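Good morning, and thank you for making time for this presentation. I would ask you to keep the structure in view while I speak.

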Amino acid sequence: MLISAAVCPHPPLLIPQVARGAAEELAALRAACDRAVQALAASGPDAVAVAGCGSRNREYGPDAAGDLGGYGVQVRIGSGPPELPLSLTVGRWLCERSGMRPDRYVEVAEQAEVAECVERGAALAASADRVALLVMGDGSARRGEHAPGRPDPRAAGFDSTVARALAEADTAALERVDPESAAELMAAGRGAWQVLAGAANGAGLRGELLAHEAPYGVGYFTALWR
């Protein structure tokens, strides 16, 4: 059964070694992520999983590692061969900061169907008596002129809907996030959020939104469900 969940974004700049001189720009967001992950660790789980989107559906063991060399800095998170996608690499980094060692890392294909994501979440929740889940996912990347993608007037509303669902621990609202719209708006967290919806369905958790901002034209959310 799912007893707690944290939702965090996964920009490489969250990691100070990557951000370098710009590290302070995300200091408040980094602190919110630390708070969420520390609360996850304090919930007393029997099993911890990290879920995030990537190019395929795959699971990794506790020793899986990631590499941020593609972002101009030779930083490896973990000691094994670098195989984790960005979302799970940043998730592992957040867990290490809080002294938490996840039991598994769950990569969700960006194009995965909603029902498939929900089913994977339900299976995660059923994997132990007390399960904690760290969910990694960015919102729209089309917010404003400095965004990675061409600005889209739908982006802010899309992110507000997701933020509201996270604040209210509204699993039905997360399930309703449209995959096509998410793809058009370059939202990298849709599948992972719907894994959370499946895991939390019926768990009776309450949500708290710790952060919602878009400093680089990308929606970043941090939330805690418990």
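I shall begin with the sheet, continue with its strands and helices, and end with one further residue.

Please note at the outset that this is a predicted model.

Let us turn to the sheet. Seven strands make up an open sheet, and reading across it the order is β3-β6-β2-β7-β1-β9-β8, with mixed pairing. At the edges stand β3, residues 58–60, and β8, each of which pairs on one side only. From one strand to the next, the twist averages 20 degrees. Helix α5, which covers residues 155–167, packs on this sheet and touches β1, β8 and β9. The direction of α5 makes about 150 degrees with that of β8.

I come now to strand β1, residues 2–8. How many of the residues of β1 are buried? The count is 7 of the 7, so the strand is largely enclosed by the rest of the structure. On one side, β1 runs parallel to strand β7, residues 131–136, and 6 bridges join the two. Within that pairing, A5 has L133 as its bridge partner in β7. Strand β1 also pairs with β9, here in the antiparallel sense and over 3 bridges. There, V7 has A223 of β9 as its bridge partner.

The next pairing is that of β8 with β9. Strand β8 spans residues 207–213 and strand β9 spans residues 220–225; they pair in the antiparallel sense over 6 bridges. You may locate this pairing by two positions: G207 stands opposite W225, and E213 stands opposite Y220. The two strands form a hairpin, with 6 residues between them. In the turn, G217 has a positive phi of about 80 degrees.

Let us stay with β9 and consider T222, which lies in that strand. Is T222 buried or exposed? Its relative accessible area is 0%, and since under 20% counts as buried, T222 is buried. Leaving out residues up to four places away in sequence, T222 touches several residues of the chain, among them V7, C8 and P9. Its contacts also include L29, A32, C33 and A36, as well as E208, L209, L210 and A211.

Strand β9 also contributes to an aromatic pair, and the structure holds 1 such pair. Which rings form it? They are those of W193 and F221: their centres are 5.7 Å apart and their planes stand at 75 degrees, so the pair is edge-to-face. W193 belongs to helix α8, residues 190–200, while F221 belongs to strand β9; with their positions 28 residues apart in the numbering, the pair links distant parts of the chain. Both W193 and F221 are buried.

I turn next to two helices, starting with α3, residues 86–97. At 1.5 Å a residue, its 12 residues should span 16 Å, and the end C-alpha atoms are 17 Å apart, which agrees. Of these 12 residues, 9 are buried, so α3 is largely enclosed by the rest of the structure. The buried residues are S87, L88, T89, V90, G91, R92, W93, L94 and C95. Just after the helix, G99 takes a positive phi of about 70 degrees.

The second helix is α4, residues 114–125. Here too 12 residues should span 16 Å at 1.5 Å a residue, and the 17 Å between the end C-alpha atoms agrees with that. Buried in α4 are V114, C117, V118, R120, G121, L124 and A125. Where do these buried residues lie when α4 is seen down its axis? They fall within an arc of 160 degrees, so they line one face of the helix.

Finally, I draw your attention to R76, in strand β5, residues 76–77. With a relative accessibility of 45%, R76 counts as partly exposed, because that class lies between 20% and 50%. Neighbours within four places in sequence aside, R76 is in contact with G66, D67 and P82. R76 and P179 are 103 residues apart in sequence, and from C-alpha to C-alpha they are 31 Å apart in space.

That concludes my presentation, and I thank you for your attention.

How values were computed
Residues numbered from 1 in each chain as written. Predicted model: local features only at pLDDT ≥ 70, side-chain atom pairs only at ≥ 80, totals over all residues. Heavy atoms only, no water. Pairing = 2+ DSSP bridges. Helix = DSSP H or I, 4+ residues; strand = E, 2+ residues; numbered from the N terminus. Expected span 1.5 Å × (residues − 1). Buried < 20%, exposed > 50% of the residue type's maximum accessible area, 1.4 Å probe, protein only. Arc of directions from axis to C-beta. Contact = heavy atoms within 4.5 Å. Axes fitted to C-alpha atoms, helices over the stretch in contact; angles between N-to-C directions. Phe/Tyr/Trp six-rings, centres within 6.5 Å; stacked < 30°, edge-to-face > 60°.
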